[in-house]
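Thanks, everyone, for making the time this morning. I would like to walk you through one model, taking the strands before the ligands, and I will try to be careful about what can be said.

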Amino acid sequence: MTAVNLGLPARPAGSNALGAPGASAPSTAGRPDVPGLVDRFGRVARDLRVSVTEKCSLRCTYCMPAEGLPSIPREQLLTAAEIGRLVGIGARDLGITEVRFTGGEPLMRADLAEIVGLSADAAPGVDLSITTNGIGLDHRIRSLVDAGLTRVNVSLDTVDRAHFASLTRRDRLPAVLAGIRAAHDAGLTPLKVNAVLMRETLAGAPDLLAWAIENDCRLRFIEQMPLDADHNWARDNMVPAAELLDVLGTRFTLIEKGRDDPSAPAEEWFVNGGPATVGIIASVTRSFCSACDRTRITAEGTVRSCLFGDQETDLRGLLRGGADDSEIARWWRGAMWNKQAGHGIDSATFAPPQRSMGAIGG
Ligand code: SAM
Ligand code: SF4
C-alpha cells in the first residue's frame, strides 16, 4: 500500500517553526538596516498572501488529496483580529502594498468579511483581494465589497462540465460560473481567471479562452508546479507554456505583449490583434524567482518566504505571547532575509516541499 501524503508538514505544525517561546529570531547577519522585507538576493517583498483556512469545497487533483487536508484545530488558526493586526504591521512597518487572502478556499471562512474589514481598517489604501474557486461568491460578494475587498481572482480550469468534475472531484461548474457572474455584476472588472495547465484539459484551452473573452475575463494559464498533496507531479508529464501556445495558436493569432510590470508573474499575449489578452505564468519552464516580491503567512500564522522553502517562522506565538508590533516586524524581516534564491525544480537534488499548495496558500 502506498502512503498518502496529506500535504502537511511531517512534524506537527509549528514544530519546525521559529518564533515559539524560547526560540531565537532568524539570523539577520549582513542585513542592511532598512524597514522593508529585503532578502540576500536584492529582492523586496511587497505582495502579501495570507492563507485563512486549509478547508476547501473542491478537491483539485493538482492541489488536494481526495479526502481533503487534515483539519487544523480552530485554536491553531489565526483569528480575524490577528490577521488584521499582521496586515497592519505589514503595510505600516514593512512596505506591503497588496494583500491577497487565499487558502484552501477563503470563502470557507464564515468571518471572511470581518477579516477583510479589519485589514482595510489596519491598512488603509492597500489593495485587498481574494483568490477563490468562486463557489458561494454570489452570496458573499456584497458583504466582501462593503468590507473593503477591491479585487477577486477566480480559478477555473475548464468550461467543460465533465472535465471540471473529474479535475476537481466535484460537479460544481455551475456554482463557479454563478460566482464569476456575481463578481462581474459587483463591478470587479476585468476579472482575472486563473487556469492550471493540465494534460486532461489542454485540448479545451481554446474553448476556455473564447469563453473568457466573451465574458470579459482576463484569463491566465499557470504551469502546474510540484505542489500537489498526492505528489503525482512529473516534469515529463506537465504541460509547458510552449505547448499551450501551440494549442491556442490553432484557433487564435497570438502576439507577444510582455509583462505588465517587471515583477508580474504573467507574460501577456494579444489575442487576434487585441485588445483581448491571455497571460501565461510559466513558473516552471520560465521561472521568475529572481523577481519574486511575495511573502506568505500560513493559516496557522507562520511566515513562509517561498512556496518551496519549508523553513517557517512562527508569528502566532509572538502575537499570542504579547509581543509588540516592532518585535513582530523584526521577526518577519528576519524570515524574509533568509528567503532562498529560487524553487530549484530543475536541480538534481530537488524535493517537493512538505506542504502542498492548499496547505501553504497559493
Ligand atoms: N481555493 C482558491 C482557488 O482555487 O483559487 C485559493 C487557493 S488555490 C491553492 C490558489 C491557486 O493555486 C489557484 O489558482 C490554483 O489553481 C493554484 N494551484 C493549486 N495547486 C497548484 C499547482 N500544483 N500548481 C500551480 N498552481 C496551483
Ligand atoms: Fe481547493 Fe483551490 Fe486547491 Fe482547488 S486549487 S483544491 S479550489 S484550494
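Let me begin with a question while you look at the screen: how many residues lie between S13 and S14 in their hairpin, and which residue in the turn has a positive phi? Keeping in mind that this is a predicted model, the answer is that four residues separate S13 and S14, and that Gly301 is the residue in the turn with the positive phi, at about 90 degrees.

Staying with that part of the model, S13 covers residues 294–297, with Arg294 and Arg296 pointing one way and Thr295 and Ile297 pointing the other, and all of these are buried, the two arginines included. On the hairpin side, S13 runs antiparallel to S14, residues 302–304, with two bridges joining them, and Ile297 is the residue that stands opposite Val303 in S14. S13 also pairs with S4, residues 47–51, but here the sense is parallel and there are four bridges, with Leu48 having Thr295 as its bridge partner in S13.

The other strand I would like to dwell on is S12, residues 277–281, where five of the five residues are buried. Thr277, Gly279 and Ile281 point one way from S12, while Val278 and Ile280 point the other way. S12 is joined to S9, residues 217–223, by four bridges in a parallel arrangement, and within that pairing Phe221 stands opposite Ile280. Four bridges also join S12 to S11, residues 267–271, this time antiparallel, with Trp269 and Val278 as bridge partners. S11 and S12 make a hairpin as well, with five residues between them, and in its turn Asn272 has a positive phi of about 50 degrees.

Next, a word on the cysteines, since someone is bound to ask. The structure holds zero disulfides, and Cys217 is in none, with the nearest cysteine sulfur, that of Cys60, lying 17 Å away. Cys217 counts as buried because its relative accessible area is 8%, which falls under the 20% cut-off. Cys63 is likewise classed as buried because its relative accessible area is 13%.

Cys63 brings us to ligand 2, as it is one of the residues that surround this ligand, together with Cys56, Leu58, Cys60, Tyr62, Met64, Gly104 and Asn133. By class, the shell around ligand 2 divides into six nonpolar residues, two polar ones and no charged ones.

For ligand 1, there are 18 residues around it, and those that come nearest are Tyr62, Gly104, Glu105, Ser155 and Met225. Its shell comprises six nonpolar, ten polar and two charged residues, and strands S6, residues 127–132, and S8, residues 191–197, each supply at least two of the shell's residues.

What are the polar atoms doing around ligand 1? A polar side-chain atom of Glu105 lies 3.1 Å from a nitrogen atom of the ligand, a backbone N or O atom of Met225 lies 2.9 Å from a ligand nitrogen, and a polar backbone atom of Thr132 is 3.3 Å from a ligand oxygen. As for cover, ligand 1 taken alone exposes 540 Å², and the protein buries 95% of that.

I will stop there, and I am happy to take your questions.

How values were computed
Residues numbered from 1 in each chain as written. Chains lettered and ligands numbered in written order. Predicted model: local features only at pLDDT ≥ 70, side-chain atom pairs only at ≥ 80, totals over all residues. Heavy atoms only, no water. Near = heavy atom within 4 Å. Polar contact = N/O pair within 3.5 Å; in protein donor to acceptor, adjacent residues only side chain to side chain. Areas by Shrake-Rupley, 256 points an atom, 1.4 Å probe, with all protein chains shown as cover. Nonpolar A, V, L, I, M, F, W, Y, C, P; charged D, E, K, R; others polar. Disulfide = S-S within 2.5 Å. Buried < 20%, exposed > 50% of the residue type's maximum accessible area, 1.4 Å probe, protein only. Pairing = 2+ DSSP bridges.
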